[in-house]
Amino acid sequence: MSEARVVIVGAGHAGGTAAALLRQYGFEGPIALIGEEPIPPYQRPPLSKAWLKGEADADSLALKPTEFYAEAGIDFRPSTTATAIDRAAKTVALSDGTTLPYDSLILATGARAIALPIEGKELSGILFLRTAADAEALKAAVGPGKKLAVVGGGYIGLEVAASGRALGAEVVVLEREDRILARVACKPLSDFFTDYHANRGVLFELGCSVTGFVGEKGRVTGVQLADGRVIGCDAVVVGVGAHPNDELAKDAGLECARGVVVDLDARSVTDPAIFAIGDVAHRPMPIYDRMFRMESVPNALEQAKQAASAIAGRPRPAGECPWQWSDQFDLKLQIAGYAFDADEVLVRGDPASAKFAIFHLKGDLVQSVEAINAPPEFMMGKQLILSRRPVNKAKLADPSISMKEVAA
Amino acid sequence: MAKITYIEHDGTEHTIDVKPGLSVMEGAVKNNIPGIDADCGGACACATCHVYVREDWLEKTGTRSAMEESMLDFAEGVEENSRLSCQIKVTDELDGLVVTMPESQH
């Protein structure tokens, strides 16, 4: 075991966690952690929330203190990327010209924000939110008297909108579909968030097509819509989804399907010496009997555990219910599971009270729950999704019956 | 600095200095102490930083918030002295604090 070498490509939440877990699990061999960004692994979720609002600093974002890596014998290489994998020789070529041998290779290259291929896209002031550097640029662009246009009414866009309002900026959200969160949430939840944001001064343009950006002296001043209008702004945040960074794996001949295809140990189905974890992995999810790719911290952590366990010779960790969270204004949204094959939407509680949950059911099985300021519904929902135990729908629909009783 | 002792479920003890201002959870995570997962990074959204506070420290560590209370209510193995360690801010007052960890975090 002590002779085995691990190379981790990608130093985000997944890669950084895998490195730390290998040491926790007693793995003593050399570990190299290759990061594209200039700083050690950090948490991305606060970038659109607490950090943007100035409630968290860089130290608190860091997964571990900078000195941790040297102390733990982890060869952390910032500002470096992997350029090619030689699977026969079991080596990875790096952008700094060196080549590293591996016994196990973990691909944790994440996903990148999708850019809009439209006129004016090169103007300054058109921002994304993926990295700490992106967040720095955004923080500098929002504040009292500034007008921010958010392209894309998904969770990132809404979190930025809420934080932007908290910082005193004017915010308009531009969404292609006729409702926000159209791809990720049901209509009752979209309606709730639309009202909640609108009541706090966020403007919405729904069903609009963004065709270009207009600017002066190289800086964006507005967003051009297909109907001819120009929405004036001082900065734009584009949040229209992410694309997995799976090119390195594809070039090495690993099976990919919008993400590297892996098994329940996060191991590539093509090469047993290679693992893929986090946003770049296309993974099995037995509770839904299907494979898919997730973009969430809990997923990154679960797969980091799977890969580190397999490499360190520990038993495979128990399966977890996928989940994610979002903070907007004073709302805490917690989502468990995915609404695959759901045939019924059940709202528990009154949305007008800003404390309710939406259950997505397939027959009498809970597939997913979206809980707004409703931790019991989230926590019990998670357990119901994972256990695949049928639920009494009449009881579930009655908020006067506690979740413990519903699940009893 | 406050000295905090984290005891894993199997009895392994880790005593470290934690900077006031951090949470008890952050102290463990930043020092790579096993047993506190803290999936959500301290947003009180997940209950994977569950600890048991040693009885003689319960007064100084304060009381559970409403959100914490309802998250803990559904965690595994909850006891009277259970807390989410992301919700305990470290102060000089907590020098000597002892917390133990549950068998697993979900």
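Start by selecting A:Ala133 and A:Ala140 in this predicted model. Both are exposed, and they sit on one side of helix α4 of chain A. Now add the rest of α4(A), residues 132-141, and look across to the other side, where A:Ala135, A:Leu138 and A:Ala141 are buried. Those three cover an arc of only 120° around the axis, so they end up on the same side of α4(A). The pattern follows from helix geometry: at 3.6 residues a turn, residues three or four places apart point the same way.

What lies over that buried side? Show β9 (126-127) and β16 (235-238) of chain A, which are among the elements covering the buried residues of α4(A).

**Into the core**

Next, colour the largest nonpolar core, which has 96 residues. Which of its members touch the most others? Pick A:Leu127, A:Leu129, A:Leu148, A:Val150, A:Val236 and A:Val237. For the biggest contribution, select helix α5 of chain A, residues 155-166, which gives the most to this core with 6 residues. Gathering like this fits a general tendency: in soluble globular proteins, nonpolar side chains tend to be buried together.

Zoom in on A:Leu148. Leaving out residues up to four places away in sequence, its contacts are A:Val142, A:Gly164, A:Ala169, A:Glu170, A:Val171, A:Cys233, A:Asp234, A:Ala235 and A:Val237. Apart from the 96-residue core lies another one, with 53 residues. To find this other core, try A:Phe27, A:Phe76, A:Leu254 and A:Ala310, which are among its members.

**Over to the sheet**

Switch to cartoon and bring up the open sheet of 5 strands in chain A, in the order β3-β2-β1-β7-β19. The pairing is parallel. Which strands stand at the edges? Select β3 (74-77) and β19 (274-276) of chain A: each has a single partner strand, so one side of each is left without a neighbour in the sheet. Neighbouring strands here are turned by 15° against each other on average, with direction ignored.

For a closer look at one pair, keep β1 (residues 6-9) and β7 (residues 104-107) of chain A on screen. The two run parallel and are joined by 4 bridges. A handy place to centre the view is A:Val6 in chain A, which stands opposite A:Ser104 in β7(A). In general, strands of a sheet pair through backbone hydrogen bonds, either parallel or antiparallel.

**Zoom out: chain A**

Show the whole of chain A, with its 11 helices and 26 strands. Its C-alpha atoms fill a box of roughly 65 × 60 × 35 Å along the principal axes. The radius of gyration is 22 Å, which agrees with the value near 22 Å that a compact globule of 408 residues would have. Colour by burial and 47% of the 408 residues count as buried. Of the contacts with a separation of 6 or more, 61% link residues 24 or more positions apart.

**Last stop: chain B**

Hide chain A and select chain B, which has 3 helices and 5 strands. Tracing along the sequence, you pass through β-β-α-β-α-α-β-β. The radius of gyration of chain B is 12 Å, close to the 13 Å from the globule rule for 106 residues, so chain B is as compact as a globular protein of that length. The C-alpha trace spans about 30 × 25 × 25 Å along its principal axes. Buried residues make up 41% of the 106 residues in chain B. Among chain B contacts with a separation of 6 or more, residues 24 or more positions apart account for 66%.

Notes
Residues numbered from 1 in each chain as written. Chains lettered and ligands numbered in written order. Predicted model: local features only at pLDDT ≥ 70, side-chain atom pairs only at ≥ 80, totals over all residues. Pairing = 2+ DSSP bridges. Axes fitted to C-alpha atoms, helices over the stretch in contact; angles between N-to-C directions. Buried ≥ 20, exposed ≤ 12 C-beta atoms within 10 Å, placed from the backbone. Arc of directions from axis to C-beta. Contact = placed C-beta atoms within 7 Å. Core = buried A, V, L, I, M, F, W, Y, C linked by C-beta atoms within 7 Å. Rg over C-alpha atoms; globule rule 2.2 N^0.38 Å.
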